[in-house]
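The following exercises practise reading a protein structure step by step. Please attempt each task before turning to its solution.

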Amino acid sequence: MTKFPSSLEELNSLVARDLDYLTLPAKEWVPLKQIGGETLLDVAIIGGGMAGLSAAASLKHLGIRTVIFDARPHGFEGPWATTARMETLRSPKSLTGPAIGIPSLTFRAWFTAQFGEAEWDALDKIPRLQWMDYLRWYRDVLNIDLRNDHRITLIKPEADHTVLELETPQGTQTIRARHVVLATGRDGLGGPYVPEIIRTLPKQFWAHSSDENDYSVLKGKSVAVIGAGASAMDSAATALEAGAARVDLLIRRKDIPRINRGKGMGNPGSVYGMQNLDGRTKLAIYSYIGAEQVPPPRASVLRVSRHKNAFFQLGASLESIVVKGDKIEIITPQGRRQFDFLIASTGFQIDWRQKAFLSEIASKARTWEERLAPLTGNEDRSLTEAPDLGPSFEFLPKAGVEAEGLSRIHCFCYPAMMSHGGVSGDIPSISEGAARLSTGIAATLYHEDIDQHFANAKSYSEPEVFGDEWVEANNYDQTDLEALV
């Protein structure tokens, strides 16, 4: 009978054995290069969440020196233990996520090593904070070089490398890398989307659902939550659980979305085939799925509706919001009501201005709006404003723009969807995305240094045959040859 690991220590040993059997990580092979006495990194990754970890693991296993820089403290990379508020992940527990093809690196392996197969069978969805614990283990067991409290302030592409400026615990630092990967999450090329009707209110009255809000201050308050998606439900539930006196979900639609249309075409073919579809077909697909909207998880809706002081206001689009003393008054087609606070669960947008360190990339990178021109003007701008990326997630230049070094920067975050499909931020296919990114970078690095690699072949001197494996034949005369025959 197969014996499974019954502790993290045993699992760690299994991971080490699996990597040894697969001869991973590969030996480092990229020639070291220096500028002004400083050795260039092969790859710098900005962001240490799931995407950044997956990318780093894949690159490291290909023998490419990689360092992650993350602005958050150790163990709090990504949204899971900070701004996310769902109780569980919506993804099925069976998905392999960032395991990069190694069974012992899956969440299931990590979970069963600690709690056993019976608990795994009983588990419905993965608890959010437990997923964060798994990612912390993943980082440690793979010995990924992740440097926390490093906030990027500048990305400047040069001809043969990219300059990064960072604020660190040791002060301002300049790092140079041959390639840079932006693993910056859902808001990777922008930030929260907030409608102007909300954005113009004094900040004391509102927050976006992605803000690091202290929900305990909402105890005894009347709260409006704008939206009907997963983040709206999780924000509303968190406010109710913190003791809010009343929470109203103001939902523009006449009904809450019920069917996740994207699941209807989710299969391995889409993972590998979506990137190669023509642009207008992709635009049509993603526009349709976006218009239909992804429904909130059933458990998240029930988490709200079990509270008697939660109210679902359908067909309640915002008509006006005015400040009335220490409250705000919101008018919708369903009437008017005063609230103490508003939470905008209104998603994210591509808005380069929200990330100043992207300014030089923004001025040079081509978008799908340019790729698909001319447009009618009715297209979903969240799609047409997305960057038009190359096969390794690299930025491509606008027509006629000098953009030396731009292709050394890779967009491995949510806005890559129009180019590559959902392989750069979602759990189901993050490993496939990381493999696509890392193999592309590996090929580019090899091409750039081909003269050095060819020179290595010419100077290679380790013999495999030594000359003592045979006895040299004597010279035969014609008589000898006839005798042999």
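A residue counts as buried when its relative accessible area is under 20%, and as exposed when that area is over 50%. The model examined here is predicted.

**Exercise 1.** Determine which residues of helix 1 are buried, and where they lie around its axis.

*Solution.* Step 1: applying the cut-off for buried residues gives L11, V15, D18 and L19 in helix 1. Step 2: these residues cover an arc of only 95° around the axis, and therefore they lie on the same side of helix 1. Step 3: on the face turned away from that buried side, helix 1 carries the exposed residues E9, D20 and Y21. Step 4: the cover over the buried residues includes helix 2 (50-61), helix 3 (107-115) and helix 5 (128-141).

**Exercise 2.** Compare the expected span of helix 1 with the distance between its end C-alpha atoms.

*Solution.* Step 1: helix 1 comprises residues 8-21, which are 14 residues. Step 2: at 1.5 Å a residue, the helix should span 20 Å. Step 3: the end C-alpha atoms are 20 Å apart, which agrees with the expectation. Step 4: just after helix 1, T23 takes a positive phi of about 55°.

**Exercise 3.** Identify which residues touch the most other members of the largest nonpolar core.

*Solution.* Step 1: this core has 90 residues, and W131 and F395 touch the most other members. Step 2: helix 2 supplies the largest share of the core, 7 residues. Step 3: leaving aside neighbours within four places in sequence, W131 is in contact with M50, W80, L89, P98, F107, I126 and I427. Step 4: a second, separate core of 21 residues includes A239, L240, A244 and F341.

Definitions and conventions. Residues numbered from 1 in each chain as written. Predicted model: local features only at pLDDT ≥ 70, side-chain atom pairs only at ≥ 80, totals over all residues. Heavy atoms only, no water. Helix = DSSP H or I, 4+ residues; strand = E, 2+ residues; numbered from the N terminus. Expected span 1.5 Å × (residues − 1). Buried < 20%, exposed > 50% of the residue type's maximum accessible area, 1.4 Å probe, protein only. Arc of directions from axis to C-beta. Contact = heavy atoms within 4.5 Å. Core = buried A, V, L, I, M, F, W, Y, C linked by side-chain atoms within 4.5 Å.
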